[in-house]
Amino acid sequence: MLPILSFRPARTSSRFYCTLLLISALLSAGPGCKDDRAIHVYRTAKSANLQKESGSAGLGWNMPAGWSVRDGDAMRLASFSAPGPAGEADVSIVRLAGDGGGLAANINRWRGQIQLAPLAENTILNQMQREQGKLGVFKWIQLTNPGLGSNAIYGAVLQSKRGVVFVKMNGSLETLRANQEYFLQLCRSITEKTTSQSSNP
Amino acid sequence: MPPLVWKILKWSSDTRVFFFALIWLSFLVIAGTLAQADLGLYQAQQKYFSAWILWIWYIPLPGGSPVLTIVFVGLLVKLIFFTNWKPRFYGTIVVHFGALLLLFGSFLTAAFSSEGAMVIPEGGRTAFVRDYHAIELAITNRANPEFDETVTFAAGWLKYGEVIHHEQLPFDLEIIQYCANCRLERRSGPPPSSEWKGMARNFNLTEIPLHKDDSNNMAGLVFRIKTKANANNNQLDGIYAIFENMNIPQAFKLAGGDYLLEIRHELRQLPFEIELIDFVKEDHPGTQMARSYSSEVNLIDSDVHQRVLISMNHPLRHKGYTLYQSSFIQAGMGETTVLAVVENVGRLFPYISSLIMCIGLLLHLLIKMPVLFHNRSNAGGEQ
């Protein structure tokens, strides 16, 4: 504990109060400057170019010929319909931050959707095939359940800078087989939109 | 004169307090710099330098803010009350004044500055800047054909139990969960009750540790909507979830309004607009690596248009804002410029205070020179 020296009164009281006022004003102004409970109300013209993040969230891809875009949901970056001999297949692109919950967890979730039992991660990895795309090497897997009619899932897992990208094609096995190459073309074409940083502050 | 206040002020001006404050500040700089490798720049700044309390394990220690405050107050008190205002001390007085100005400028920067990004595609224009770090909840009513009306709530509202209420909204929001970085997990079973609606029916938001790159953090919010009695429609009441950059944001119609709910980085409106006319990128010969890039923009301020070129190391300064060429986006058709927009009230203080301190040192040297020469000539005479 530092020893406090004996004080002596200030030369003038006005100097004291001016100092105290200045210090108080500074200390009270600081915390209030950035009001983290601020509420703002404003209007913008319908044509205003607000900065909306693009629906692709920094990713680009080439939709295969013959496929069509369909309405998605809050989770999907994109949804497509892939025509085939046994009806349409539903194709989705989803990106999740970080590891997206893990490879095994997501593959087993897909397996669960066609009523297949979960597998250990090593077994899943052995079943997955590798392909080269614009985002680098990615893995994909074919999931089929003969006991569930012809429903099947083709799924691909790609690594991007801002998380893991999951591409899933779901439909009848016959349609999936007919669209397998298109599915892989889509996965290979997925790329990060090019950015570059300057050294400016 | 309150004796206790005098004791505290006198204590803060003690040279020993300043000495130990400097040692602690040095520790903070070293610790914060080392922590930056794991936490990232922004989180290390917040934890070590901006915080009032630094928690190491469960021990509260002073952060950068209180220490710098004590240094400032001590220097101010010493300068006003305990300084000998004789001409031979004018040099040191000026240096101290310069140091005070430097500390004051850093306070202004910490309290008032903001920075963010402005993204403009070629041919587009905007007056909005997206903050790099601050998060807000934005509720936009799109019902009017000519304009959108947005109500935003800063991050201080996004805490468990907070009830968001505004006279322009026909509903209240009760915050159930907020996470600065979250992961979406599909529910393995049904939701806890029928109250869970929309995406929250099928997905959980799980909080995960903050990523050291703040841009990789995805904020998420779970909230309960309760429509007000005068809305005459409680079918929307329930628990919903939203997260940053949802491709299809949560929206619903109520009481004649068409409401869009988003959790996003704060959008601030500048007092002027920027229109991107052309973005030019030069590559190093034979490579696709950018050598330089620049944005030719139209600065639109109150119907006055002014063409400006913003390039690397040549920012645009206007109305207290500085716009730097930060990066760009190339995708498909057209290019998009990304400008870093900084508002820093205290940006000139380091320059002014450094100049004043230099002047103070020179003044001190000039004042001391006759004494030095006199001493030297005396020493030569004795020999």
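This is a short tour of a sheet in chain B and two loop residues, one in chain A and one in chain B. Keep in mind as you click around that the model is predicted.

**Stop one: the sheet**

Start in chain B and select strands 6, 7, 10 and 11. Together these four strands make an open sheet, and they line up in the order 6-7-10-11. The pairing here is antiparallel.

Now look for the edges. Which strands pair on one side only? In chain B they are strand 6, at residues 163–164, and strand 11, at residues 238–243.

Stay with the strand 6 edge and add residues 171–179 of chain B, which are strand 7. Strands 6 and 7 run antiparallel, and two bridges join them. To see a bridge pair, pick Val163(B): its partner in strand 7 is Glu174(B).

**Stop two: a loop in chain A**

Jump to chain A and select helix 2 (103–113) and helix 3 (121–127), then look at the loop between them, where you'll find Gln115(A). Gln115(A) isn't a glycine, yet its phi is positive, near 60 degrees. Is Gln115(A) buried or exposed? With a relative accessibility of 61%, Gln115(A) counts as exposed.

**Stop three: a loop back in chain B**

Return to chain B and pick out strand 16 (316–318) and strand 17 (321–330); Lys319(B) sits in the loop between them. Here's another non-glycine residue with a positive phi: for Lys319(B) the angle is about 50 degrees. Turn on the surface for this last one: Lys319(B) has a relative accessible area of 47%, so it is partly exposed.

Key. Residues are numbered from 1 along each chain as its sequence is written. Chains are lettered from A and ligands numbered from 1 in the order in which they are written. This is a predicted model: local features need pLDDT of at least 70, side-chain atom pairs count only at pLDDT 80 or more; totals for chains, interfaces and linings use all residues. Side-chain values use heavy atoms; hydrogens and water are left out. Two strands pair if DSSP finds at least two bridges between them. Buried means under 20% relative accessible area, exposed over 50%, partly exposed in between (1.4 Å probe, protein chains only).
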